[in-house]
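Here are my notes on the model, in the order I would go through them with it open on screen. Have a look for yourself before reading on.

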Amino acid sequence: MTHLTRTLVTITAAIFTLAISSCCRDGCNIENPELVNVLKEGKDATIINIQNSPIKCLPRKIGNLQNAQTLLLRNNGLSALPSEIGKLTSLKWLSITDNKISLITPQIGNMRQLRYLNLNGTLLNTLPASIGQLKKIRYLNLESNNIYRLPTEIKEITALEDLFLLRNKKLDVRDLLLKIKSLNNLNKLYLSEIDMKWLPKEIGQLNSVKRLYLSSNQLKKLPKELAQLTKLEYLNLGNNPDLDWITTIEVVSKIPSLNTLYLGDNQLKQLPKNFASLRKLKRIYLVNNDLKKTEVDSIRMLLSNTRIEITGLSQR
């Protein structure tokens, strides 16, 4: 039989929290009766928090929590979500992090009030096409999954501002860029740690992006189209030691609104000759490289209006 020990249960009209400490001895392949009862008690709650538990499935009764506006399901043993979760039509904040859910039920498209969706570390391969019905989402975190391609309907999330796709090693970046190019409210795009060697030229079509994160990849060269990002203010190129730095600085220097450039952890022993062309930038991060102090002092004189952030100077 399944045995769950509730270590904390707080139920009010505003908040309902369930933390479970012991193991599910039968693997929780059937609905746990104690969890069903606890959810029944919390039917009027607006915040549902079920975390650090061994449950592999949620009861269908989850769909009865009609007043819920926030649902937090962090670090459980969940392998799937019941379709009834789509009945939570008042939900604005949904976080299902650190679980083992490879597919999301299409009924998620019924949550038309969602503003925040965090699916970080859930083994996802893609999202259902119904994701396009969630037009109010501003924050979408798909970090640390197995995503190759997102559905075309991703372009219909017109309110989207922050998109996290870092640590998706199989990601088809060109396909992604073609699908999100019409998202006019997209401000932040995270494409770090995806083993990317070449940034597709389609990056130049993301006209609204202000912050772009490309750190910890295997980039060799940046496309000249990057300079078409007229609103880009912050660019992170940290830990890409194989970049051709002459052409990189040439491209970066042409980004009209850029004010901050991160070049940390790139094993730089010397700065490229055209580095002074970055004089319009307000701040450049050169932390954790292997630069001589004399060279840094020299570049600070050339870029007198730019703040140079640096640690780990070489003693050579």
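Does Ser 95 count as buried or exposed? At 9% relative accessibility, Ser 95 counts as buried. Keep in mind throughout that this is a predicted model.

1. **Around Ser 95.** This serine sits in strand β5. Leaving aside residues up to four places away in sequence, Ser 95 touches Leu 71, Leu 72 and Leu 73, and also Tyr 116 and Asn 118. With a relative accessible area of 9%, Ser 95 falls under the 20% cut-off, so the buried label applies.

2. **The chain as a whole.** There are 316 residues in the protein chain, and 53% of them count as buried. I'd note four helices and 14 strands. If you take contacts between residues at least 6 apart in sequence, 42% of those join residues at least 24 apart. The chain exposes about 14,600 Å², with carbon and sulfur atoms supplying 48% of that area.

3. **The loop between β5 and β6.** Two residues here are worth a click. Pro 106 lies in this loop, and its C-alpha atom is separated by 5.7 Å from that of Ser 130, 24 residues away along the chain. Not counting residues up to four places away in sequence, Pro 106 touches Pro 128 as well as Ser 130. Arg 115 is found in the loop between β5 (93-95) and β6 (116-118) too.

4. **A positive patch.** Arg 115 comes up again on the surface, where Lys 92, Arg 115, Lys 136 and Arg 138 form a positive patch. Is Arg 115 buried or partly exposed? Its relative accessible area is 30%, so Arg 115 counts as partly exposed.

5. **Helix α2.** This helix covers residues 173-180, and six of its eight residues are buried, so I'd call α2 mostly covered. The buried set is Val 173, Asp 175, Leu 176, Leu 177, Lys 179 and Ile 180. What do these residues pack against? Their partners are β8 and β9. Notice that Asp 175 and Lys 179, both on the buried list, are also members of a salt-bridge network.

6. **Arg 149 and Asp 175.** How many salt bridges are there? The count comes to 15. One pair to look at is Arg 149 with Asp 175, where the closest N and O atoms are 4.0 Å apart. Arg 149 lies in the loop between β7 (139-141) and β8 (162-164), while Asp 175 is in α2, so the pair ties together parts that are 26 residues apart in sequence. The two ends have different labels: Arg 149 is partly exposed at 38% relative accessibility, whereas Asp 175 is buried at 16%. The network that links this pair also takes in Asp 172 and Lys 179.

7. **Arg 167 and Glu 193.** Here the closest N and O atoms of the salt bridge are 2.9 Å apart. Arg 167 comes from the loop between β8 and α2 and Glu 193 from the loop between β9 (188-190) and β10 (211-213), so this bridge connects parts 26 residues apart in sequence. Both residues are partly exposed, Arg 167 at 29% relative accessibility and Glu 193 at 26%.

8. **Lys 220 and Asp 242.** These side chains meet in a salt bridge at 3.8 Å, N to O. What does the pair tie together? Lys 220 lies in the loop between β10 and β11 and Asp 242 in the loop between β11 and α3, so the joined parts are 22 residues apart in sequence. Lys 220 is partly exposed at 32% relative accessibility, and Asp 242 is partly exposed at 46%.

9. **Helix α3.** Which residues of α3 are buried? They are Trp 245, Thr 247, Thr 248, Ile 249, Val 251 and Val 252. That makes six of the eight residues in this helix (residues 245-252), which is mostly covered. The buried residues of α3 pack against β11 (234-236) and β12 (260-262).

Methods. Residues numbered from 1 in each chain as written. Predicted model: local features only at pLDDT ≥ 70, side-chain atom pairs only at ≥ 80, totals over all residues. Heavy atoms only, no water. Helix = DSSP H or I, 4+ residues; strand = E, 2+ residues; numbered from the N terminus. Buried < 20%, exposed > 50% of the residue type's maximum accessible area, 1.4 Å probe, protein only. Contact = heavy atoms within 4.5 Å. Areas by Shrake-Rupley, 256 points an atom, 1.4 Å probe, with all protein chains shown as cover. Patch = residues over 30% accessible without salt bridge, like charges linked within 9 Å, V, L, I, M, F, W, Y side chains within 5 Å. Lys, Arg positive; Asp, Glu negative; His and termini not counted. Charge placed at Lys NZ, Arg CZ, Asp CG, Glu CD.
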